[in-house]
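Visitor: Hello! Could you show me around this structure and explain the terms as we go?

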Amino acid sequence: MIHEIENFKVTKLFDSYDHCIDFTADQTDLSEARIVIIVGNNGVGKTTTLNMIEGMLRLNFDPFRDVPFEKAELLLSTGDTLTVELNQNTNLLHVKFGELYCYLHASKNGEIPKDEYDNVESVRREAKPILSRVGFEKLDIHRSIALRDKEERYIEERYIEERYIRDNSNGKLLNKNNKTSLLSGKVKKFVREAQVDYKKYFASEGPSLFPKILKRLQGKVETPANTSELIDRLNVIKNTELEMSRFGLTLNMSDINQLTELLESEDVNHSQAVIAALEAYVETLESKHEERCLISARLTNFERLISSFLKGKSILINYENGLRITTDNDKEINELSLSSGEYHLLYMLVTALVSTRTGYAIAIDEPELSLHVSWQRKLVNALIECSSGASPLFIFATHSPAIASDYQDKWISLGD
């Protein structure tokens with residue numbers, strides 16, 4: 001069952017506002033990315049709303065301790081509902097999930113009221129397995145900066161470690177450190193996992209292999225293949241190998257070459273039974289190749305999109321390095337050499353790149369910050385294209401007309 005957010009309601013936020021956000025409005029094609037753009041004046045609760053949703057999914061109720069409100073409710077596609085209600089008389093948060101409930105301090109983080117330990121544990125035990133299956137990532141410029149600071153410490157630690165190895169090996173680096181940067185690590189993980197289970201990341205399943213095999217076993221193949229047709233089909237796979245290998249999307253080419261030689265040989269018995277058996281194997285290779293093409297298309301899409309933003313730099317995906325960033329004079333640089341706007345853009349696009357096919361939401365608070373207006377105009381379309389083949393939900397909280405103007409039918413106006 002798909003686990004995703006469907007609806008969020010909050011009443012008397014800041015003692016003033018009642019908000020209801022339906023994340024399933026205008027949902028027609030489950031194979032396409034969806035967009036919700038939250039707009040409204042300063043102070044109506046756009047950022048707070050995203051913080052509350054994230055807090056509920058993480059069972060972190062600090063966002064409800066920071067602001068006055070009356071009641072908040074999060075509805076999931078599973079039918080499960082998590083409710084947080086503030087009792088101002090007792091200064092307690094009433095948390096309810098299904099039929100279970102508990103009370104938490106409304107102002108004391110981490111402390112549990114007396115006699116509530118068992119109730120708190122019951123709610124967590126019931127809610128956590130369900131909420132943890134809802135993919136949700138909140139991005140903003142502050143988290144981008146924090147990630148970049150973490151990246152800087154990571155690279156500094158890597159440099160110190162490599163220098164230590166050199167100093168203790170007569171200047172020779174004996175143990176090469178193969179760690180990758182944080183964003184590069186996300187890309188490498190996507191490539192690795194997508195090859196194992198591509199359906200996790202792609203809504204388009206393509207032609208299924210099993211019906212073909214079943215049809216062949218039932219003798220319902222109308223036009224059996226011949227050797228030249230099979231060789232042509234194998235050549236289609238081989239002709240893409242160079243590009244695929246750059247991404248680490250390799251097949252066993254020695255088997256494919258051996259099979260080609262077998263089909264080309266005049267000394268082999270090419271009876272219809274032999275051809276049928278070989279065609280079944282070719283279809284298996286083609287099915288795997290189609291999966292590789294889905295992955296490759298999203299990766300090349302990412303490269304094209306990021307290049308349409310950057311000036312004087314290019315970013316390519318390489319399986320060994322994850323992300324390879326170079327200047328126009330072919331000087332390789334790391335992610336810390338990017339400007340704050342470039343790094344924030346890269347962070348957003350990588351998040352879209354690795355999005356899964358269903359139940360994944362990417363919430364971006366004020367994406368316009370640190371981005372030139374020309375970048376703002378292209379951002380939403382770039383994120384959608386970057387997640388090609390998946391169907392994430394993009395949630396934007398913004399003041400920027402440049403970001404929101406093309407999607408006025410997706411607006412949810414708060415505070416009206």
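Guide: Gladly; this is a predicted model, and we will take its salt bridges, cores and sheet in turn.

Visitor: What makes R125 and E121 a salt bridge?

Guide: Their closest N and O atoms are 3.8 Å apart. The cut-off is 4 Å between a side-chain nitrogen of Lys or Arg and a carboxyl oxygen of Asp or Glu, so this pair counts. By this rule there are 18 salt bridges. R125 and E121 both belong to helix α3 (residues 117-131), and 4 residues, about one turn of the helix, separate them.

Visitor: Why is R125 called exposed?

Guide: Its relative accessibility is 53%, and exposed means over 50%, so R125 earns the word. E121 has 42%, which lies between the limits of 20% and 50%, so E121 is called partly exposed.

Visitor: How do you know that K186 and E137 meet in a salt bridge?

Guide: The distance from N to O is 3.2 Å, and because the rule asks for a distance within 4 Å, the pair qualifies. K186 sits in helix α5 (residues 182-196) and E137 in strand β8 (residues 135-139), so this bridge ties together parts that are 49 residues apart in sequence. K186 has a relative accessible area of 28%, so it falls in the partly exposed range between 20% and 50%.

Visitor: Why is E279 called buried?

Guide: The relative accessible area of E279 is 7%, and buried means under 20%, so the label fits. R233 has 22%, so R233 is partly exposed instead. These two residues form a salt bridge, with their closest N and O atoms 3.1 Å apart. E279 lies in helix α10 (residues 272-309) and R233 in helix α7 (residues 227-238), so the pair links distant parts of the chain, 46 residues apart.

Visitor: Which residues are joined into one network by salt bridges that share partners?

Guide: The network consists of E54, K138, D140 and R143.

Visitor: Now to the cores. Which residues touch the most other members of the largest nonpolar core?

Guide: They are F190, F302, L323, L346, L353 and L383, in a core of 54 residues. Helix α11 (residues 340-353) gives the most to this core, namely 9 residues. Leaving aside residues up to four places away in sequence, F302 touches I315, I317, L323, L346, L349, V350, L353 and C386. There is also a second, separate core of 45 residues, and M52, V95, F136 and I395 are among its members.

Visitor: Let us turn to the sheet. What makes β2 and β7 edge strands?

Guide: Each of them pairs on one side only. The open sheet has 6 strands in the order β2-β1-β4-β5-β6-β7, and their pairing is antiparallel. On average, neighbouring strands are turned by 10° against each other, direction ignored.

Visitor: How do you know that β1 and β4 pair?

Guide: Strand β1 (residues 5-13) and strand β4 (residues 71-76) share 6 bridges in the antiparallel sense, and pairing asks for at least two, so they count as a pair. Within it, T11 stands opposite K71 of β4.

Visitor: Which strands do helices α1 and α3 lie across?

Guide: Helix α1 (residues 46-58) lies across β1, β2, β4 and β5, at about 120° to β1. Helix α3 lies across β4, β5, β6 and β7, and runs at about 110° to β7.

Methods:
Residues are numbered from 1 along each chain as its sequence is written. This is a predicted model: local features need pLDDT of at least 70, side-chain atom pairs count only at pLDDT 80 or more; totals for chains, interfaces and linings use all residues. Side-chain values use heavy atoms; hydrogens and water are left out. Buried means under 20% relative accessible area, exposed over 50%, partly exposed in between (1.4 Å probe, protein chains only). A nonpolar core is a set of buried Ala, Val, Leu, Ile, Met, Phe, Trp, Tyr and Cys residues joined through side-chain atoms within 4.5 Å. Contact means heavy atoms within 4.5 Å. Axes are lines fitted to C-alpha atoms, for helices over the stretch in contact, and angles run from 0 to 180 degrees between N-to-C directions.
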